[in-house]
Structure formats: C-alpha cells, structure tokens
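Welcome, and please open your viewer with the cartoon and side chains ready. We will make a few stops, and at each one you can select along with the text.

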Amino acid sequence: MTDDFEAPLRDDVRLLGSLLGETLRAHGGEHLYGNVERVRALAKGARAGSPADAQALLALLAGLPVEEAVPVARAFAHFLALANIAEQHHRVRSERQAVDPEAPRGSVEETMTRLIRQGVAPERLREAICTQQVEMVFTAHPTEVARRTVLQKHFRIAQALARRDRGELTAQETAEAEACLRREIEAIWLTDEIRRLAPTPVDEARSGLVVFEQTLWDAVPAYARQLDRALARHTGEGLPLDAAPMRFGSWMGGDRDGNPNVTPAVTREVCLLNRWMAADLYLRELEPLRWELSMTRCDARVRDRVGGAWEPYRELLRPLTEKLAATKRRIEDLLAGGQSDGALPLERAEELWEPLELCYRSLCAVGAGHVAGGRLLDLLRRLACFGVTLVRVDLRQEADRHARTLDAVTRYLGLGSYCEWTEPRRQEFLVAELGSRRPLLPPDFECEPQVRDVLDTFAMAAAQQEGSLGAYVISMARAPSDVLAVELLQKELRVRHRLRVVPLFETLEALRGAGETIDRLLDIDWYRQHVGCRQEVMIGYSDSAKEVGRLAATWALYRAQEDVVAACRRHGLRATLFHGRGGTVDRGGGPAHAAILSQPPGSVDGALRVTEQGEVIQARYGLPEIAVQTMELYTAAVAEASLVPPVAALPSWRDLMDSLSETASKAFRSVVWEGRDFEAYFEAATPIREIPGLRIGSRPAKRRPSSGLMSTLRAIPFVFAWTQVRLMLPAWLGLGEAFEAAREQGQGPVLAEMVRGWPFFSATLDLVEMVLAKADTGIAARYEEALVPAGLQPFGAELRERFDRTRWAVLALAGHERLLEANAGLCRSIEVRNPYVDPLNLLQAEFLRRVRQAPDARLEEALLLTINGVAAGMRNTG
C-alpha cells in the first residue's frame, strides 16, 4: 500500500486524534492530557525497541491511582474506536476514488466478467444470482462490548468524515463538518460507555435493530441497483423486481440455548419490536413517496382501483399509510401489555407489495419509467428483502431439552421413559405420532418449569405471524430423532407457519457423524416427503475448535460438509449449509470471500446461511457503503462457488490433512485438556474469572453451573479471554507441531503443493498467519508477570515457546521472511494500532492484579474500559 494511498487515512486519524486531544484538555485538564501523551510516547518508544521506554511505561502505568488510570484507559480506547471509523471510511473512499479500470476482485462486476470469460453462459449466470438464497444471521453473545448509544455517535462521525471529502467545500462547510466531529467526540467522552446493568436479550435485539435502521435500510436498495446494472450489462436482463439474493435473520431474542433469560415472552416481544421497526421504516418512505407520485396519468388497472381520483397514485397509496400507522399503534399497545385481538392491520407483505407493484407497472406503462425506478423501486427492493417483519428470528435450543420434554410426556401417559429408549424406538414412536390425527399432549398436562418452557416456546411460535420466525436450530444434535422431536412438538402445539428444523453439529464426534445422521434422517419416509427439496444443516465452529484445536476442527468441518452434501444428493435433495462462524479465526472468522471459495466443491449450491457476530457486524455493516461491499462479496462468491466449484483435493492432500489434523489435535489436547497446569494458568493469566461479572452480555459464559471451568465454559469466552491477553492461543496451538512433523516425514513438497493448489489449505494458512501477526507474546508475558504464581510461570514459557515454533513453521510454509509479508495494508494497520493497544493491555493486567487483591467497583469499571479498548484495537472479540 503506497504512502499516497494512505495519506487521506493518516490525515483523518490525525484530525480525530487532535480533536480527541482537545476534548481531553477541555474536560480533563492539562494533567490528563500530559498523562496520555507521556503514555503514548513511551508506548511508541517501547514498540521501536527501547527497553528504557518499556520499563518507564510499566512504571508509569503501575503508579497511576485508579482515578487517573481510568481516563487514560478511556482516551486510548476512544482513539482506537475513532481509528476504526477512519479505516472504514477510507475503505469507502478508496472504492470511490479508484482509478484502476478493473473492478476490485470479488466484486459482482469483476466476478461476472471473469466467469463469462471462463465460459459460463450469461443466462446461467443470471439464473444463479437471481435465485440465490443467502442469509446473514445476526447474533449477540457473551462478549458483546459496545453500547448502542456510542455506536450511533460513531455513525455520525463517519458521516461527518464523508462530508469533508466532498469536493470544493467552502471554508464555512469545512468548518461545520469539523465542528460536527468535535461535538460528537465531546459527546462520546461525556457519555458513560459502561453498562450499569447487564443487557437483557431485548436490549441486545434493540441494539441489533440499529444496524437495520442506520445502514441496511439504505444499503439493500443500493446493493440491488448495483446488481441490477451488472446483470443488465453482462446478461441483457436486470434483477427481477421480486428477487432478493440477500436476506437477514437474527438469533437475538430467539437463542435460548443455555440462556435462561430468553423466554417465550422475550421472543414474542422481540418479534413485535422487529415488526414495529419495519412498519416505522416503511411509513417513513411512503409519506414522501406519496408526495413524489403527483402524476395524473395511469394505466387502466390503477384507474379501476381509484375511480376518478385526480392524482391516482396518491389515492392508491393513501390506505397503506393509514394501515402502517395503525399497525404501529397496535404494536405499541401490545408492547405496553395490551391484549391481542386478532391480526394486525397490516399482516402480510403482499398487502404492501400489490399496490406498490401496481403503481410501478402503471408508471412504466405510461412512459414514466424513470420515476418508477426511483424511490418506488427502492421500496419494492426493501420489501422483497425485509418483508413486513424486517428480520426473521431463529429459535435455538439444545436437543436434550426436547428429549426431556418428550420424556415427561411419555412418563405422564404411562408409555415409559423416552430418554431411556433406543434410537430406533424413538424414531418409531415419533413417526407414529407425526402421522396420528389425535393429539399426544393431554390438556391437563402438568410438568416441571424447564419442560413448560419448551412447550410454551412452541405455543409462542404458533401465535406468531407469518415471516416473524425463521428456522428452529437444534444445538448438540446427534441423531435423526433430534429433528423428528422438534417436528412433533411443532405439530402438537399447532405451529401454523412451520419452522424449518435445522440440526446443528458442533462437537468433533457429531461432525464426523453428520453425514450418516442426515442419511438416516432422509431414509425415513415421513420426513423425506415432508422436507421438500432442500435440507438445511448447521455446522458449528466454536465447540469443535475448543475441543481439538483450530486445524483439526477446520478439517472436520470440511469433511462434515462433504458428507452432508453427499447424503442429500443420494436422496435427491440439495443441501443448504448454515455456518456458525464467530468473529475470530479460531471460531471460523476471517475474510468472507476467501472463506466461501475455499469450501468443499458442491457445498455452496446456490444457498448459504452465515452467522455474523459481535464487532464483525459493525465492521461489515456499520456504514451503508461497507454493507453494500459486504453483500456484493457474498453474492459474487456464492455465485462463483456454485457455478465454478473449487478443485477437489487430491488423495495425497487428504491423507496429509488427516495426519496434520491428528498431530495438531494431540498437541492441542495435551496442553488444554490433559495439561495439569492449563486450567489454573488460564484462570490466573487471563480475565476469564472476571468476565461473568462484567455486565457484557445477556448470555451466561457457562452452559450450566459447575465447579469445572473448561468442561462447561462456552467457546466464545474461552477465545475472548485469550484474545484479550494477545496470546490468541486457540487459533494456533498444535499447528507448529503438525507442520514440523510433516516436514520431518518428508512431506514438505506435498505441503507446498497444497499451499499453491488447494484454496481450503491456503485460506487456512493465511488466516493463521494473520492471527500470529496480531498476537504479542511480550504482552502475554506481562500478564503472567503481574498475575500468575511463580510455580505456574514455566507453563506460560512453554506456551510462548510453542507460539514461536508455530510462527517459524508458518513462515517457512508460506515462504515469507516476516508475517503478513503479502498483505502490507493489514501489516501497517496492526503496526499503527499496537502503540495504542499496548497501554490498554498493560493497564488491564494492572487492574486485574489490583482487583484480585482487593475487589473494588471502580477497578471493575476500569477493567471493562480496557476490555472495550482492546476489543476495538484487535477488531474482534470472540
């Protein structure tokens, strides 16, 4: 990346930093400003290799009383957040100012051009894109760190930066843009970024709606316009009016797996909030649209509807605005505790679509196509994507909860214990009940609270309007009966708009048996006739990586996809794979385009679902222009992977991957699960003890209360804790041993072939290299020095030695002398951030040391500030 290319970014960062400095002086005085500047100078010196500056930095931070340390931590955390905004804005600016006549690789334009050159017929390309079924599913999790009110201020800062980029601004306009930046930065400094209460699932859902309101509402029609133009240019026909290659789902308010805070009442409230936001957004568009459509000419169909009205389009749309306003009022009444008295005034998307499409066709027919192609077309594109519910909420629950519910029923009815039955016996019972006309559940059924919660969840689902809910995901699925059990509960509770039932395979054992499980499920006649032409299957990245490490889990996930696709094909079905990815590499995160193109051949078959979590949502959808780029990348990658699948792995590559996976898994497990000191070191050296009490998310960090840490700890906080201390252990542990062993066995040439010729392997290596570049063993050693008993410190030294071995092994395999040698932009971004993240890490270690010696509410708040800042600096949490 050239200096000229980065110059505007440097200017933005310098300006934002200067304005933050002004704010510090104004509200903290010269003493605070001086502290921050001293810390910054020493951190830069330490990064430049000065031992004296490193020691002085440690001494300065250790000597700060908490009332002085807190504003210093806030200053560095806010600077990193502002740098993130500047980087996002620079991405948008770079796209707009690109002088290269070639479209960026991975864009829709570039992909269409390349695929047609490769021989893909234009009509086949158009069909693949227009019929695509891609859904981004937004989720909340236990390490969500940013408050909604702060995110809204960040959005306004990005808008002000964009205004400054407009050509030929007057001096007054430039001054006003900078005044806006100054106001927002000052407002952020004076805002409490710490949650005083843990967010509820409803709070998390409200935060999720901000992305729809601020960015996606405008991004979706902009994306559709770009797609429409590209299709018209390359295939001769644009995007059909009702096509929606990209849609959105949510787990916020629906994911009850291990979260007792997500109740049926919560899910109902979240569905109502989604519908209210949809009605509000449509109403905001319809009012100006009515005033815009002042034309008097219309076709016969519109005239038949409005009679002699002078302004037919306004008359046709008037009832819609009234219905939307009435719908908003009715939902507000329901949210306030009012009783339901039937359907909402506006119930189905068709009620909006039909008159809007009528207007569109009429305007085109009377020669007003340019008018039709403006605000009206944008509204139709939104309706095709969002419906009248804005986002469909998935429900998720553990398979065992359904089994225990049915066990309670069979025991009550004197049929025996469902949980003690064999799998064939369970299937026989479930299929018989699914085919029976009589109800299974007795009206006077009394049960324990956990069983009642499951039944009430299905009863709540039965009461939801069409489009409010999406899929029912079964976590920890292992057998066909897990799917049939949910189908039976839907039948018994009379769920009118049946939810797709999606088994989630997440442990190593479950992933290895996923294909066989789906094969046996599709062997059941009732289910095969019921499921239709597609079977959706979710694969989880988190639990398997925590169980066996990154490399072994990645290979197990790859093979599971192959097995599921093969099973579906044997039964004449297509598979839709739902990827439960996180923000970090060890939880499946990373560049989306490369990830899709590295999936097994045939696994991306015109459909894809992916979870988007934590800071990834803001990074990929925080600005409308960035959201458009993200949607384009997904659309292009899914089309390419579907039409031109990646090469199949050679047998020699697969054999070596089996060997690498086994070696890496053994090394990982020997440390994490069998290492005598691991759990004690983990608890001492990271903030994992403190995370549950920090009011970060609504979901407990553990699946269930237990004295054992690792056995019940969720994968997300496990990854989060290691990310905070910059060791990033779950992403790389075991890889060094695996690559070294392969080379010792003479497999170096095969490894080199895999890097050159196998997208799956090269993408995996690139992601690990990125993680190693973000890690810092010196920072991790500082946590150890401050927090870990002397008897455990040799264990930490062993971990850092393993890290060094992995780094050298990855460099050798990639053919690089230094990490990220082939990605200068990312390398520079990390280097620029390090002097600002380092002080936050050092303060966090100091705060942990103090709070463990003497618990203090002020120290806990200070700790959370550093967690926010490190998350911003690392650009992900868990």
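Which residue in S3 is the bridge partner of Ser250? Select Ser250 and look across to S3: the partner is Val393. Keep in mind as you go that this is a predicted model.

**Stop one: the strands**

Now widen the selection to strand S2, residues 246-250. On one side, S2 pairs with strand S3 (residues 392-398) in the parallel sense, over two bridges. S2 also pairs with strand S1, residues 133-139, again in the parallel sense, here over five bridges. To see a point where S1 and S2 meet, pick Val134 and find Met246 of S2 opposite. Then switch on a surface: four of the five residues of S2 are buried, so this strand is largely enclosed by the rest of the structure.

**Stop two: Val431**

Next, select helix H15, residues 423-435, and highlight Val431 within this helix. Is Val431 buried or partly exposed? Val431 is partly exposed, with a relative accessible area of 27%. Beyond neighbours within four places in sequence, Val431 is in contact with Leu484, Ile524 and Trp526, so show those side chains too. For a distance check, add Met476: Val431 and Met476 are 45 residues apart in sequence and 21 Å apart in space, C-alpha to C-alpha.

**Stop three: Thr630**

Finally, move to helix H25, residues 624-643, where you will find Thr630. Thr630 is buried, with a relative accessible area of 5%. Setting aside neighbours within four places in sequence, display Arg620 and Tyr621, with which Thr630 is in contact.

Terms used:
Residues numbered from 1 in each chain as written. Predicted model: local features only at pLDDT ≥ 70, side-chain atom pairs only at ≥ 80, totals over all residues. Heavy atoms only, no water. Buried < 20%, exposed > 50% of the residue type's maximum accessible area, 1.4 Å probe, protein only. Contact = heavy atoms within 4.5 Å. Pairing = 2+ DSSP bridges.
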